[in-house]
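The following exercises introduce a protein chain to a reader who has not met it before. Each task is followed by a solution in steps.

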Amino acid sequence: MGVISDCPPSLEPTLQSCGIHHYFSSFTASSIVGAEKPSPIIFNAALRALGVSARESIYVDDCAAEADGAREQGFTAFLIDRSGSGGDSPWTITSLLQLIDFVEGGEGRA
């Protein structure tokens, strides 16, 4: 699992200080890659870092333009809208727990 972030180069230390660094295999920061989401450059850098294709990947963002940008690159991409006000798009979720249903086929999404 990897993180793609439009943040300073301190991405890894920040995740270490939060105690969640060990859950991730790659850390792709826009400040290091030289491109921000939704640029294909940052998404492709993350894919190379993990050694996977976009078709093998699930992407989640709280910004619609960035989720759409990932989807345009071939990711299965979700917008997370914890407020629940984002409408009824099949690509909008209100909780990361909904990804379990998607992966297990419970939502019937393609």
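The term pLDDT denotes the predictor's confidence in each residue, on a scale from 0 to 100. The model is predicted, and the mean pLDDT of its chain is 92, with 95% of the residues reaching 70 or more.

**Exercise 1.** Identify the elements of the chain with the lowest and the highest mean pLDDT.

Solution. Begin with the lower end: helix 5, residues 98–103, has the lowest mean pLDDT among the elements, at 91. At the upper end stands helix 3, with a mean of 98.

**Exercise 2.** Determine which residues make up the largest nonpolar core, and which helix gives the most to it.

Solution. Step 1: the core consists of ten residues, namely Ile4, Ile42, Phe43, Ala46, Leu47, Ala54, Tyr59, Ala70, Phe75 and Ala77. Step 2: helix 3 is the main contributor, giving four residues. Step 3: a separate second core has seven residues, among them Val3, Cys7, Leu15 and Phe24. Step 4: within the largest core, follow one member; leaving aside residues up to four places away in sequence, Ala70 is in contact with Phe43, Tyr59, Phe75 and Ala77. As background, nonpolar side chains in soluble globular proteins tend to be buried together.

**Exercise 3.** Describe the largest pocket by its volume, its lining and the elements that supply the lining.

Solution. Step 1: the volume of this pocket is about 820 Å³. Step 2: the lining comprises 26 residues, of which Met1, Gly2, Phe24, Ile58 and Val60 are the closest to the centre. Step 3: sorted by class, the lining of the largest pocket holds 16 nonpolar, five polar and five charged residues. Step 4: at least two lining residues come from each of strand 1 (2–5), helix 1 (11–18), strand 2 (26–29), helix 3 (40–50) and strand 3 (58–61).

**Exercise 4.** Classify Ser26 as buried or exposed, and list its contacts beyond four places in sequence.

Solution. Step 1: locate Ser26 in strand 2. Step 2: the relative accessible area of Ser26 is 4%, so this residue is buried, the cut-off being under 20%. Step 3: Ser26 touches Met1, Gly2, Val3, Ala46, Ala49 and Leu50.

**Exercise 5.** Carry out a similar analysis for Asp6.

Solution. Step 1: Asp6 is found in the loop between strand 1 and helix 1. Step 2: because its relative accessible area is 31%, Asp6 counts as partly exposed. Step 3: outside four places in sequence, Asp6 touches Ser30, Glu36, Lys37, Ile42 and Glu66. Step 4: Asp6 and Gly34, 28 residues apart in sequence, are separated by 9.9 Å from C-alpha to C-alpha.

Definitions and conventions
Residues are numbered from 1 along each chain as its sequence is written. This is a predicted model: local features need pLDDT of at least 70, side-chain atom pairs count only at pLDDT 80 or more; totals for chains, interfaces and linings use all residues. Side-chain values use heavy atoms; hydrogens and water are left out. On a 1 Å grid over the protein atoms alone, a cavity is a set of points where a 1.4 Å probe fits but cannot get out, and a pocket is an open set with protein on both sides within 12 Å along at least five of seven lines; lining residues have an atom within 4 Å of a point. Grid points are joined across faces, edges and corners, and a volume is the space filled by probe spheres set on the points. Ala, Val, Leu, Ile, Met, Phe, Trp, Tyr, Cys and Pro count as nonpolar, Asp, Glu, Lys and Arg as charged, and the others, Gly among them, as polar. A nonpolar core is a set of buried Ala, Val, Leu, Ile, Met, Phe, Trp, Tyr and Cys residues joined through side-chain atoms within 4.5 Å. Buried means under 20% relative accessible area, exposed over 50%, partly exposed in between (1.4 Å probe, protein chains only). Contact means heavy atoms within 4.5 Å.
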